[in-house]
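Student: Could you take one strand of this model and walk me through its surroundings in the sheet? I'd like a close look at that single part.

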Amino acid sequence: MNIVALATAYGVGSISIIRLSGANSYELALKLCKKPLTPRQAHLRKLYDSESNFLDEAIVIYYKAPFSFTGEDVVEFQTHGGLVVANLIIDELLKLGARAASPGEFSKRAFLNSKMDLAKAESIQALINARSEGAAKILARVMNGELSDFVGSLRDELIKILAYTETCIDYADDDLPADILDKTKEFLLSASKKLEHIVHISNSKKGLIDGYKVAIIGKPNVGKSSILNSLLHYQRAIISDIPGTTRDTIEEQIKVGTHLVRIIDTAGIRETKQNIEAIGIEYSKKAANEADIVFCVFDSSKKSSEEDTQILNFISNLDKKVIYVLNKADLDFKFDIDLDAIKISAKTDTTALSLALEEYLNSQDTNEIMLSSNRQIASCEEANAALLRAFDLLNENQLELFAYELNLVIEKIGSITKKMENSELLDAMFSNFCLGK
């Protein structure tokens, strides 16, 4: 079945790209443009509907299978921008027998036709939503095959170990290399460390891909909303000298250097008997727990209070980056808790805070391989757990159970890119051992 969809974002632009994929794509395209198309060449063609009404003049490119994104015949129509023209062409292709593509269906067909593996498919989606230049570079490396190479080399070695194990189980009388057990244990421990490392890196630097969240917390009237307004360069939050003015969290997106960041203004944290304010405070604590970075704000023009101490105790239990901020630096300094803090005045200038945040975000960039989805992280965690179980079973010489756990490791690690085929195990066994010829 041929599928068709708009490949560019909805809205007004210079061009709209319509993608058509399937066995009959070329024939359907000819019904619109009336003239032959040479594969992989751009043609300027006038497009007509079934009643010979002129639709648009467009660039039409034909990609003959298997040399296309999906591995099928693909035709792309580059029309003038705007939804009306694009929809007219899509409607005409639907009338001719194509159907509207489901979300991700072009990539799914590319995967099923072996034009990409799952790691590349997920990195493409993540790249579209990348929140920083660092994320784009990481995902570009994944698309270029670095993650697939890592998974592939690990997986291939595990399959070889499984082949040795199955041979040992079935042909117990055959002589095996004396050091095979030690080498296997050494590899399993090394593989476990690699999996632990890539999971740690991917979790700790997840904000590079998903976007970092910054929560501004502090007691009432320390200037949290003023800091938000200053960072945004417009009056987004209501500011007042009345404590408890902010009752709910306010989220906005800002660009800090090369990073897109979600910044969250929260209600002042304090003891209160007002139900609505108490709910807002719970939201504040939740925002701090879910954030990647916390701005912990204090009023430098006043001595510290019990509320400040309680906030410091709350912060001490958070496992995340905390940037301490002493606001109202334009007034006389009276704060009496020793903190490594940035001193600013939200009324005049928050540049120092922006620079500190940018410096931290830049420090999170990495040249290491990262996993680009929660699914990949979960697969690696499950693979490592099975790997450690397998190691213990090997120490106990429980080869059947060891082989079972090793199969599970291969399945989980392989799910990042593809599933193991039984033929691969057979090939590894017969290519490495002479089992009776």
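Tutor: Happy to! Strand 5 pairs with strand 4 in the antiparallel sense, over five bridges; strands here are DSSP runs of E with at least two residues, helices are runs of H or I with at least four, both numbered from the N terminus, and pairing requires at least two DSSP bridges between two strands. Within this pairing, Val-60 is opposite Phe-77 of strand 5.

A word on the basis: this is a predicted model, in which local features need pLDDT of at least 70 and side-chain atom pairs count only at pLDDT 80 or more, while totals for chains, interfaces and linings use all residues. Residues are numbered from 1 along each chain as its sequence is written, and side-chain values use heavy atoms, leaving out hydrogens and water.

Strand 5 is mostly covered, with five of its seven residues buried (under 20% relative accessible area, with a 1.4 Å probe and protein chains only). Its other pairing is with strand 2: residues 15-21 of strand 2 and residues 74-80 of strand 5 are joined over seven bridges, again antiparallel. Here Arg-19 faces Glu-76 of strand 5, and Leu-20 faces Val-75.

Helix 2 (residues 83-95) packs on the sheet and touches strand 5, along with strand 1 (3-6), strand 2, strand 3, strand 4 (54-63) and strand 6; contact means heavy atoms within 4.5 Å.

Finally, the wider setting: the six strands make an open, mixed sheet in the order 3-4-5-2-1-6. Strand 3 (42-48) and strand 6 (99-100) are at the edges with a single partner strand each, so one side of each has no neighbour in the sheet.

Notes: Axes fitted to C-alpha atoms, helices over the stretch in contact; angles between N-to-C directions. Buried < 20%, exposed > 50% of the residue type's maximum accessible area, 1.4 Å probe, protein only.
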